[in-house]
Amino acid sequence: MSVISLDTTEGTRRIDVTELVIAGWAGRDRHHVEEHIRELEAIGVPRPSRVPLFYRLSAQMLTQDETIEVLGPDSSGEAEAVLVGDTDGTIWVTVGSDHTDRRVEAYSVAVSKQMCPKPVARDAWRFDEVAPHWDRLILRSRAVFGIRTVLYQEGPVNGLLDPRELVRDYNAGRDGLAPGQAMLCGTLAVIGGIRPADAFEVQLEDPVLGRRITHRYTPKILPVVA
């Protein structure tokens with residue numbers, strides 16, 4: 001279990017996350033998803049058993065810390081919308097990062113995702129406030145290299161499957177998340193190639209209601225010893 005605090009317009013919500021899942025291969029265009037699968041196969045990443053594919057992780061991997069510890073220099077982040085089920089049935093949406101060990105990913109995507117903590121922001125919106133204009137939300141990340149910050153990802157979430165579809169698929173046709181369920185809902189292509197950085201900033205923007213959720217974190221690299 002992981003305990004997170006979400007700052008909302010209704011006050012701070014303390015949620016015990018007991019089930020953490022990442023929706024992988026969650027692109028809306030299946031042709032583009034298949035192209036990406038083949039690209040990764042060419043560099044040794046195994047083909048997923050189904051699309052989309054849901055990776056269960058230890059709930060303890062979810063963190064709101066501004067520093068995470070990772071083993072070795074081969075990990076990187078990627079921005080994802082995150083849905084969290086509350087005890088009163090509310091679904092909150094925030095932004096997080098599926099920080100992943102890329103070296104391990106070459107032999108097991110599932111293991112690579114379990115290797116790194118998953119940072120998530122403290123601010124959150126009610127999902128039902130953004131659901132009517134969900135496809136207009138913008139997902140964005142920036143990577144920091146020394147004194148230089150570059151745009152790493154940017155685009156509308158309409159390239160990804162609707163999160164309501166993902167939730168129904170994962171929960172065997174049931175709408176909504178159970179209390180304590182948290183789901184990362186897929187990511188966008190990286191600008192300039194996947195690569196490690198000194199820090200990552202992830203952001204979800206709502207241009208309709210004029211607001212943003214941002215979270216910045218720094219990976220602390222632990223040495224690999226034999």
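# A tour from the salt-bridge network outward

Select Arg 140, Glu 154, Glu 205 and Arg 212: salt bridges link these residues in a network. Keep in mind that this is a predicted model.

**Stop 1: Arg 140**

Centre the view on Arg 140, which is found in strand E13. Is Arg 140 buried or exposed? Its relative accessibility is 7%, so Arg 140 counts as buried. Now show the side chains around it. Arg 140 and Glu 154 are joined, side chain to side chain, by a polar contact of 2.7 Å. Turn to Glu 205. Its side chain makes a polar contact of 2.9 Å with the side chain of Arg 140.

**Stop 2: Glu 201 and Arg 142**

Stay with strand E13, residues 138-145, and pick Arg 142. Then add Glu 201, in strand E16 (residues 199-206). The two side chains meet in a salt bridge, at 2.9 Å from N to O. This pair links distant parts of the chain, 59 residues apart. Glu 201 counts as buried because its relative accessibility is 18%, and the cut-off for buried is under 20%. Arg 142 has a relative accessible area of 27% and is partly exposed.

**Stop 3: the E16-E17 hairpin**

Select E16 and E17 together. They form a hairpin, with four residues between the strands. Which residue in the turn has a positive phi? Gly 210 does, at about 65°. The two strands run antiparallel and pair over seven bridges. To check the register, label Gln 203 and look across to Thr 214 in E17, which stands opposite.

Next, bring in strand E6, residues 67-71. E6 pairs with E17 (residues 211-222) in the parallel sense, over five bridges. Label Ile 68 here; opposite it in E17 is Pro 219.

**Stop 4: the six-stranded sheet**

Move to another sheet view. Colour the strands in the order E4-E3-E15-E8-E9-E12: these six form an open sheet with mixed pairing. Which strands stand at the edges? They are E4 (53-57) and E12 (125-126). Each has a single partner strand, so one side of each is left without a neighbour in the sheet.

Within this sheet, zoom in on E8, residues 79-85, and E9, residues 91-97. Their pairing is antiparallel, over seven bridges. Pick Val 82 and find its bridge partner in E9: Thr 94.

**Stop 5: more salt bridges**

How many salt bridges does the count come to? It comes to 23. Two further pairs are worth a stop.

Start with Arg 56 and Glu 19. They form a salt bridge in which the closest N and O atoms are 3.7 Å apart. Arg 56 belongs to strand E4 and Glu 19 to strand E3 (residues 19-24), so the pair ties together parts that are 37 residues apart in sequence.

Then select Asp 98 and Lys 113. Their side chains meet in a salt bridge of 2.5 Å, N to O. Asp 98 sits in the loop between E9 and strand E10 (100-101), while Lys 113 is in helix H3 (residues 109-114), so this pair joins parts that are 15 residues apart in sequence. Are these two residues buried or exposed? Both Asp 98 and Lys 113 are buried.

**Stop 6: the cavity**

Now look for empty space inside the model. Rolling a probe the size of a water molecule over the atoms shows where such space is left. The structure holds one cavity of 30 Å³ or more. The volume of the largest cavity is about 40 Å³. What lines it? Select Ala 81, Trp 134, Val 157, Leu 160, Leu 161, Pro 163 and Cys 185. By class, this lining has seven nonpolar residues, no polar residues and no charged residues.

**Stop 7: from Leu 161 to Asp 29**

Keep Leu 161, one of the lining residues, selected. Add Asp 29. These two are 132 residues apart in sequence, yet their C-alpha atoms are 8.5 Å apart in space. Where does Asp 29 lie? It lies in the loop between E3 and helix H1 (30-42). Show its side chain and the backbone of His 31. The Asp 29 side chain reaches the backbone nitrogen of His 31 at 2.9 Å. Asp 29 is partly exposed, with a relative accessible area of 35%.

Conventions: Residues are numbered from 1 along each chain as its sequence is written. This is a predicted model: local features need pLDDT of at least 70, side-chain atom pairs count only at pLDDT 80 or more; totals for chains, interfaces and linings use all residues. Side-chain values use heavy atoms; hydrogens and water are left out. Two strands pair if DSSP finds at least two bridges between them. A salt bridge is a side-chain nitrogen of Lys or Arg within 4 Å of a carboxyl oxygen of Asp or Glu. Buried means under 20% relative accessible area, exposed over 50%, partly exposed in between (1.4 Å probe, protein chains only). On a 1 Å grid over the protein atoms alone, a cavity is a set of points where a 1.4 Å probe fits but cannot get out, and a pocket is an open set with protein on both sides within 12 Å along at least five of seven lines; lining residues have an atom within 4 Å of a point. Grid points are joined across faces, edges and corners, and a volume is the space filled by probe spheres set on the points. Ala, Val, Leu, Ile, Met, Phe, Trp, Tyr, Cys and Pro count as nonpolar, Asp, Glu, Lys and Arg as charged, and the others, Gly among them, as polar. A polar contact is a pair of N or O atoms within 3.5 Å; within protein, one must be able to donate a hydrogen and the other to accept it, and residues adjacent in sequence count only if both atoms are side-chain atoms.
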